[in-house]
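Here is a walk through one model, taken a feature at a time. Keep the structure open while you read, and follow the side chains as they come up.

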Amino acid sequence: MAAARWKNLCGIFQEQFHVFSKSQSSKSRYFSTEREHALFSEAVNQKPDFGLLFDIDGVIARGRKVLPSAKNAFEMLTNQDGQFKVPAIFVTNAGNSLRSAKAKQLSDWLGVNISEDQVVMSHSPLKMYRQFHEKHVLVSGQGPLHEIATNLGFTKITTIDTLRESFPKLDMVDHKRRRVARSEFEEFFPKIEAVILFGEPVRWETNLQLIIDVLVTNGLPQSPVSCIPSPHLPLLACNMDLVWMAEASMPRFGHGCFLHCLETLYHKMSGQELKYTALIGKPSAITYHHAEYVLNEEAKKMGTSEPLSRLYCIGDNPDTDIYGANLYNRYLHMHKKSHSSRKHKLKQGGAGGVDSVSSDNESDSDEKSNSQHEDEVMHCAETCHSILVCTGVFTHESHINVRDANGHFHVNLNHRDFSIDSDLRTPNHTVSNCEEAVELILKQENFS
């Protein structure tokens, strides 16, 4: 391990490196044996075979307030030049900003240079869903939605605001925004072929109304509803967080609340259950699979040639961060058991969970339907450890974390498509803050 090697190395220096003189001109003056020189080279070039995945809200910051423990944690992870000693990335369920903007924000907060390659947003895995990139998609959320969608590979994009302008009679809740004049382009509006939900919008009533209009008209909101299509248009949602932690003393509504409203209203209006083509973001396993790929890419930049063996996920929300890390750990164990000479892939299930493992002998049609990039099909880590901090959604006093006499939680904040499993919600470790989490990891790994 790293600490032991450095201890041995220091002993060598004490014995062999008493005085540094200009007259010394060969390596033999520093090392008495080739073995000692080899030990020196090994210690210098030693690379960690583990990596860290950090949540942001409730771990690094609360709202715009940076938590003091975060800066201390990253001082331990970087050298005097500000370079990372351990592969580390940020996996957030935020979805209403660009990766570059989030990286700059993190850099300013932590005083460490964070690149956008180290940031995984809730929508980042959508780049793997190439079968939708050429379709006309309606996108919902806030922020630079068109730019986000374009960066992910989508080419035909309509925002809710654009749809509202094209069909002014559809948005009627806010009397001050009502426009009854018919748009001359209504009849020429191209059919919407899929709906992408990036994150919580600002005007929920407008987005709920127009999304349901598109679903019940099969992508043609200029047409009256003759019958409810079944199945409805493909629906891909990012970020299932029911709540998240900002500066307030209590958690705030997240995109999961918006999804709950959409599901309830659609069922009420259509009599059918709303079904997702994909649920992306934590706790979906496809997000952790993508994050592992990103983490290994960072490790390669640091000179690591082999895939990382152990992942450590640090988060504040038992229902997303911890549930997702433990769910992915189950997948890793399943992958290990089922692994043979064939290459295995994580299939993208409707809930983005661990539905099955597919192998290379699938039919061509099955292979085509699996939208993962081939470079993201890789050797997986051995384990994924979950570490819960008490600086965000989770606190020991919070009502959402109270168990009954049977050990079951009173409140379930998971999305409806994820099973209620107390084991998945239970972290491997619980610590006070981010700094303690990093200390724990470095101690377990005997890495300094």
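## Salt bridges along the helices

Glu298 and Lys301 sit three residues apart in helix α9, which is about one turn of the helix. Bear in mind as you look that this is a predicted model. The side chains of Glu298 and Lys301 meet in a salt bridge, 3.0 Å from N to O. How exposed or buried is each partner? Glu298 has a relative accessible area of 10%, so this residue counts as buried. Lys301, at 54% relative accessibility, counts as exposed.

Helix α9, residues 285-301, holds another pair with three-residue spacing: Lys300 and Glu297, again about one turn of the helix. Their salt bridge has its closest N and O atoms 3.1 Å apart. Lys300 counts as exposed because its relative accessibility is 52%, and Glu297 is partly exposed with a relative accessible area of 27%.

Now hop over to helix α4, residues 99-110. Lys104 and Asp108 are four residues apart there, so about one helical turn separates them. They form a salt bridge as well, with the closest N and O atoms 3.1 Å apart. Both Lys104 and Asp108 are exposed.

Here are those three side by side:

| Salt bridge | Closest N to O distance |
|---|---|
| Glu298 and Lys301 | 3.0 Å |
| Lys300 and Glu297 | 3.1 Å |
| Lys104 and Asp108 | 3.1 Å |

How many salt bridges does the structure hold? The count is 16. In general, side chains of opposite charge can pair when their charged atoms come close.

## Where two helices cross

Back to α9, this time with its neighbour α10. The two helices pack with their axes 9 Å apart, at an angle of about 75°. That angle makes α9 roughly perpendicular to α10, because anything from 65 to 115 degrees falls in that class. On the α9 side, the contact is made by Ala285, Tyr288, His289 and Glu292. On the α10 side, the residues are Thr320, Asp321, Gly324, Ala325, Leu327, Tyr328, Tyr331 and Leu332.

## Aromatic pairs

Turn to the rings next. A search of the whole structure comes up with eleven aromatic pairs. In one of them, Trp204 and Phe258, the ring centres are 5.4 Å apart and the planes lie at 85°, so the pair is edge-to-face. What parts of the chain does this pair link? Trp204 belongs to helix α7 (residues 204-216) and Phe258 to helix α8 (residues 255-270), 54 residues apart, so to speak of distant parts of the chain is fair. Trp204 is partly exposed because its relative accessibility is 23%, while Phe258, with a relative accessible area of 0%, is buried.

Tyr323 and Phe418 make another edge-to-face pair, at 6.0 Å centre to centre with 80° between the planes. This one also links distant parts of the chain: Tyr323 is in helix α10 (residues 318-338), and Phe418 is 95 residues away in the loop between β16 and β17. Both Tyr323 and Phe418 are buried.

There is also a cluster of rings to find: Phe54, Phe74, Phe84 and Phe90 form one aromatic cluster.

## Asn412 and its loop

The loop that carries Phe418, between β16 and β17, is also the place of Asn412. Is Asn412 buried or exposed? In between: its relative accessibility is 36%, so Asn412 counts as partly exposed. Leaving out residues up to four places away in sequence, Asn412 touches Asp319 and Ile420. Asp319 is 93 residues from Asn412 along the chain, yet their C-alpha atoms are separated by 7.9 Å.

## The sheet

That leaves the strands on either side of the loop. β16 and β17 belong to an open sheet of six strands, in the order β5-β4-β1-β13-β16-β17, with parallel pairing. The edge strands are β5 (119-120) and β17 (429-431), and each of these pairs on one side only. Strand β16 covers residues 383-389, runs parallel to β17 and is joined to that strand by three bridges. Which residue of β17 is the bridge partner of Val389? Look for Val431. As a general point, strands of a sheet pair through backbone hydrogen bonds, either parallel or antiparallel.

How values were computed. Residues numbered from 1 in each chain as written. Predicted model: local features only at pLDDT ≥ 70, side-chain atom pairs only at ≥ 80, totals over all residues. Heavy atoms only, no water. Pairing = 2+ DSSP bridges. Salt bridge = Lys/Arg side-chain N within 4 Å of Asp/Glu carboxyl O. Buried < 20%, exposed > 50% of the residue type's maximum accessible area, 1.4 Å probe, protein only. Phe/Tyr/Trp six-rings, centres within 6.5 Å; stacked < 30°, edge-to-face > 60°. Contact = heavy atoms within 4.5 Å. Axes fitted to C-alpha atoms, helices over the stretch in contact; angles between N-to-C directions. Parallel < 35°, antiparallel > 145°, perpendicular 65-115°, else oblique.
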